[in-house]
Amino acid sequence: MKPLTREQVRAVDRLAIKELGIPGVVLMENAGRNAVEIILRFMKERGGGPGSALILCGGGNNGGDGFVSARHLHNQGVRVRIIAHKPVDQLTGDAAINARICEKMSLDIQPASVLNAHTSAPSLIIDALLGTGFTGGLRPDMLELIQHINAQRDQPDPPIIVAIDLPSGLDCDTGRPAQAAVIADLTVTFVAPKLGFSQPAAWPYLGKFEVADIGVPPELIRRAANG
């Protein structure tokens with residue numbers, strides 16, 4: 001499968017929404033649901049399913065994918081705790097829709113400021129903080145969240161760490177990390193591998209990576225890749 005650049009990924013979404021009439025919220029639903037399917041299969045291969053999950057959601061569409069994933073994990077009997085980098089009432093678009101669904105489901109949504117509060121360690125951490133749009137450097141608050149995720153690898157019984165679309169802190173096109181990037185055991189990327197995944201700089205962060213379908217036909221993906 002041909003890797004896609006940041007602009008090609010955006011073109012896939014744009015063509016799906018404008019030409020095929022697939023609402024963005026449907027693409028997000030497909031992404032989050034199929035990501036959970038891959039995550040649960042990965043964990044089963046590693047010896048069992050998650051009893052609990054911590055999902056860190058950013059303020060954009062990557063965070064929206066995280067909220068969808070949280071819903072579907074809950075539906076599979078997983079205890080979920082969501083850390084929202086941005087307050088739900090400040091979210092917009094498809095991410096806001098899915099965050100509000102999580103609220104109405106009475107899922108545990110907390111601000112990033114409580115992340116270091118003493119709680120039982122989860123068996124799964126999902127990084128849904130930053131997506132393909134990220135470039136440049138990390139703000140201090142985001143850097144702290146990424147460092148917190150990576151620090152969990154030093155626990156006696158470390159959780160499985162899964163990155164949604166790509167590890168937060170990596171540049172989609174170059175594969176280079178910012179001041180830090182999430183070190184994932186599994187990266188569930190959408191539509192196609194990203195161009196930066198082929199770069200050696202990205203390899204320590206990706207873990208195993210799998211491509212999840214979002215319901216876009218392959219002909220459209222080829223158009224975006226060749227456009």
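The radius of gyration of the protein chain is 16 Å in this predicted model. A compact globule of 227 residues would have a value near 17 Å, so the chain agrees with that expectation. The C-alpha trace spans about 50 × 40 × 35 Å along its principal axes. Of the 227 residues, 53% are buried. The accessible surface comes to about 10300 Å². Carbon and sulfur atoms account for 52% of that surface. The chain carries 22 positive and 23 negative charges. The mean positions of these two sets lie 3 Å apart.

The secondary structure consists of 7 helices and 7 strands. Their order along the sequence is α-α-β-α-β-α-β-β-α-β-β-α-β-α. Many contacts link distant parts of the sequence: among those between residues at least 6 apart, 74% join residues at least 24 apart.

Strand E1 covers residues 52-57. Buried residues make up 6 of its 6 positions, so the strand is largely enclosed by the rest of the structure. In a regular strand, side chains alternate between the two faces of the sheet. In E1, Ser52, Leu54 and Leu56 lie on one side. Ala53, Ile55 and Cys57 lie on the other. Both faces are covered, and all of these residues are buried.

E1 pairs with strand E2, which comprises residues 79-84. The two strands run parallel and are joined by 6 bridges. Within this pairing, Cys57 has Ala84 of E2 as its bridge partner. E1 also runs parallel to E4, and 5 bridges join these two strands. Here Ile55 stands opposite Ile126 of E4. E1 is thus bridged both to E2 and to E4.

Leu56 gives a closer view of strand E1. Its relative accessible area is 0%, which means that Leu56 is buried. Beyond the neighbours within four places in sequence, Leu56 is in contact with Ile83, Leu115 and Leu129, as well as Leu145 and Ile149, among others. The contacts of Leu56 also include a run of residues from the E4 region: Ile125, Ile126, Asp127 and Ala128. Leu56 and Ile146 are separated by 90 residues in sequence. In space, their C-alpha atoms are 9.7 Å apart.

Strand E4, residues 124-128, is mostly covered as well. In this strand, 5 of the 5 residues are buried. Leu124, Ile126 and Ala128 point one way. Ile125 and Asp127 point the other way. Asp127 is buried along with the rest of the strand. E4 is joined to strand E5 (residues 160-164) by 4 bridges. These two strands also run parallel. The bridge partner of Ile125 in E5 is Ile161.

Ile161 belongs to strand E5. Its relative accessibility is 0%, so Ile161 counts as buried. Apart from neighbours within four places in sequence, Ile161 is in contact with Ile125, Ile149 and Arg153, among others. Further contacts of Ile161 include Val182, Ile183, Ala184, Asp185 and Leu186. Ile161 and Ile183 are 22 residues apart in sequence, and their C-alpha atoms are 7.5 Å apart in space. Ile149 appears in the contact list of Leu56 and in that of Ile161.

Two loop residues have a positive phi although neither is a glycine. One is Ser106, with a phi of about 60°. Ser106 is found in the loop between helix H4 (93-104) and strand E3 (108-111). The relative accessible area of Ser106 is 63%; the cut-off for exposed is over 50%, so this residue is exposed. Ser106 and Ala95 are 11 residues apart in sequence. Their C-alpha atoms are 17 Å apart in space.

The other residue is Val191, with a phi of about 75°. Val191 is found in the loop between strand E6 (186-190) and helix H6 (203-206). Its relative accessibility is 12%; the cut-off for buried is under 20%, so Val191 counts as buried. Ser106 is therefore exposed, whereas Val191 is buried.

Key
Residues numbered from 1 in each chain as written. Predicted model: local features only at pLDDT ≥ 70, side-chain atom pairs only at ≥ 80, totals over all residues. Heavy atoms only, no water. Rg over C-alpha atoms; globule rule 2.2 N^0.38 Å. Buried < 20%, exposed > 50% of the residue type's maximum accessible area, 1.4 Å probe, protein only. Contact = heavy atoms within 4.5 Å. Areas by Shrake-Rupley, 256 points an atom, 1.4 Å probe, with all protein chains shown as cover. Lys, Arg positive; Asp, Glu negative; His and termini not counted. Charge placed at Lys NZ, Arg CZ, Asp CG, Glu CD. Pairing = 2+ DSSP bridges.
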